[in-house]
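Here's a quick tour for anyone meeting this protein for the first time. Have a look at the sequence and the fold, then read on.

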Amino acid sequence: MVLLAPSILEAFLVVIDNGNIQVIVDLYMDTRSFTFWFYAKELDQFGFVVDFSGLKPLEEKLVKHFDHTFLVNSDDPLLPEWQELHAKGGLNLRIMQNVGMESSAELVWKWANSFLLEKDEGRTCCWLAEARENENNSARFKLIPDWYTG
């Protein structure tokens, strides 16, 4: 089985749940980590729920947005100052509607499902995403997309 870069892939688990095959993937970055739960009604032609090597574009999007970046709410009163520091190379700014774990979990769930819908045409989905800042601050977003055909 081909896995994502071992430096950020922590573990995976395969279980059968209500007729769906489930894979759990943990991704770790410097300040946040994410866990994704994937469903598929059947394995692909290679025996995978989700081929981890095929998740590289999702991994790259997560790294670009969250790894070594400065996250700020779009309504932050200091936004102009943060933007100025970003323009000067002082920080790698990412502006979000809400930088909290709840919103981050929902955001990465949307990214995962957008990617999977295009890649697998509804065969797979992410039904749960967890965003963690540390052991005391995490949130999960749980929803099976309405387009999932499993």
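Let's start at one small spot: setting aside neighbours within four places in sequence, Gly 54 is in contact with Phe 115 and Lys 119. Gly 54 itself sits in the loop between E3 and H1. Keep in mind that this is a predicted model, with an average pLDDT of 82 for the protein.

**A long-range meeting**
- Gly 54 and Lys 119 are 65 residues apart in sequence, yet their C-alpha atoms are 8.7 Å apart in space.
- Long-range pairings show up across the protein too: take the contacts between residues at least 6 apart in sequence, and 55% of them join residues at least 24 apart.

**The overall layout**
- The protein has 3 helices and 7 strands.
- Going along the sequence, you'd read them off as β-β-β-α-β-α-β-α-β-β.
- Out of 150 residues, 45% are buried.

**How far to trust it**
- A pLDDT of at least 70 is reached by 80% of the residues.
- Which element has the highest mean pLDDT, and which the lowest? Helix H3 (residues 101–120) comes out on top with 96, while strand E1 (residues 9–17) is at the bottom with 45.
- Be wary of residues 1–16, where pLDDT stays under 50. The model does give that stretch 40 contacts beyond four places in sequence, but they come with that low confidence.

**What's packed inside**
- As a rule, nonpolar side chains in soluble globular proteins tend to be buried together.
- Here, the largest nonpolar core has 25 residues. The ones with the most contacts inside it are Phe 34, Phe 36, Phe 38, Leu 62, Phe 66, Val 108 and Cys 126.
- Four elements each put in at least two residues: strand E3 (33–40), helix H1 (56–66), H3 and strand E6 (124–134).
- H3 gives the largest share of this core, with 8 residues.
- There's also a second, separate core of 6 residues, and among them are Trp 37, Tyr 39, Cys 125 and Trp 127.

**Two helices side by side**
- To describe two packed helices, people use the angle between their axes and the distance between the axes.
- For H1 and H3, the axes come within 10 Å and cross at roughly 150°.
- Are these two helices roughly parallel or roughly antiparallel? Angles over 145 degrees count as roughly antiparallel, so H1 and H3 are roughly antiparallel to each other.
- The crossing of H1 past H3 is right-handed.
- On the H1 side, the residues that meet H3 are Pro 57, Leu 58, Lys 61, Leu 62, His 65 and Phe 66. Their partners in H3 are Ser 104, Leu 107, Val 108, Trp 111, Ala 112 and Phe 115.
- A few names turn up twice: Leu 62, Phe 66 and Val 108 take part in this helix pairing and are also listed for the largest core.

**Two loop residues with positive phi**
- His 68 isn't a glycine, but its phi is positive, at about 55°. You'll find His 68 in the loop between H1 and strand E4 (70–73).
- Is His 68 buried or exposed? His 68 is exposed, with a relative accessible area of 59%.
- Glu 121 is another residue other than glycine with a positive phi, near 55°. Glu 121 lies in the loop between H3 and E6.
- Glu 121 is exposed as well, and its relative accessible area is 68%.

Conventions: Residues are numbered from 1 along each chain as its sequence is written. Side-chain values use heavy atoms; hydrogens and water are left out. pLDDT is the predictor's confidence in each residue, from 0 to 100. Contact means heavy atoms within 4.5 Å. A nonpolar core is a set of buried Ala, Val, Leu, Ile, Met, Phe, Trp, Tyr and Cys residues joined through side-chain atoms within 4.5 Å. Buried means under 20% relative accessible area, exposed over 50%, partly exposed in between (1.4 Å probe, protein chains only). Axes are lines fitted to C-alpha atoms, for helices over the stretch in contact, and angles run from 0 to 180 degrees between N-to-C directions. Angles under 35 degrees count as roughly parallel, over 145 as roughly antiparallel, 65 to 115 as roughly perpendicular and the rest as oblique. A crossing is left-handed if the near helix is turned anticlockwise from the far one by less than a right angle, and right-handed if clockwise.
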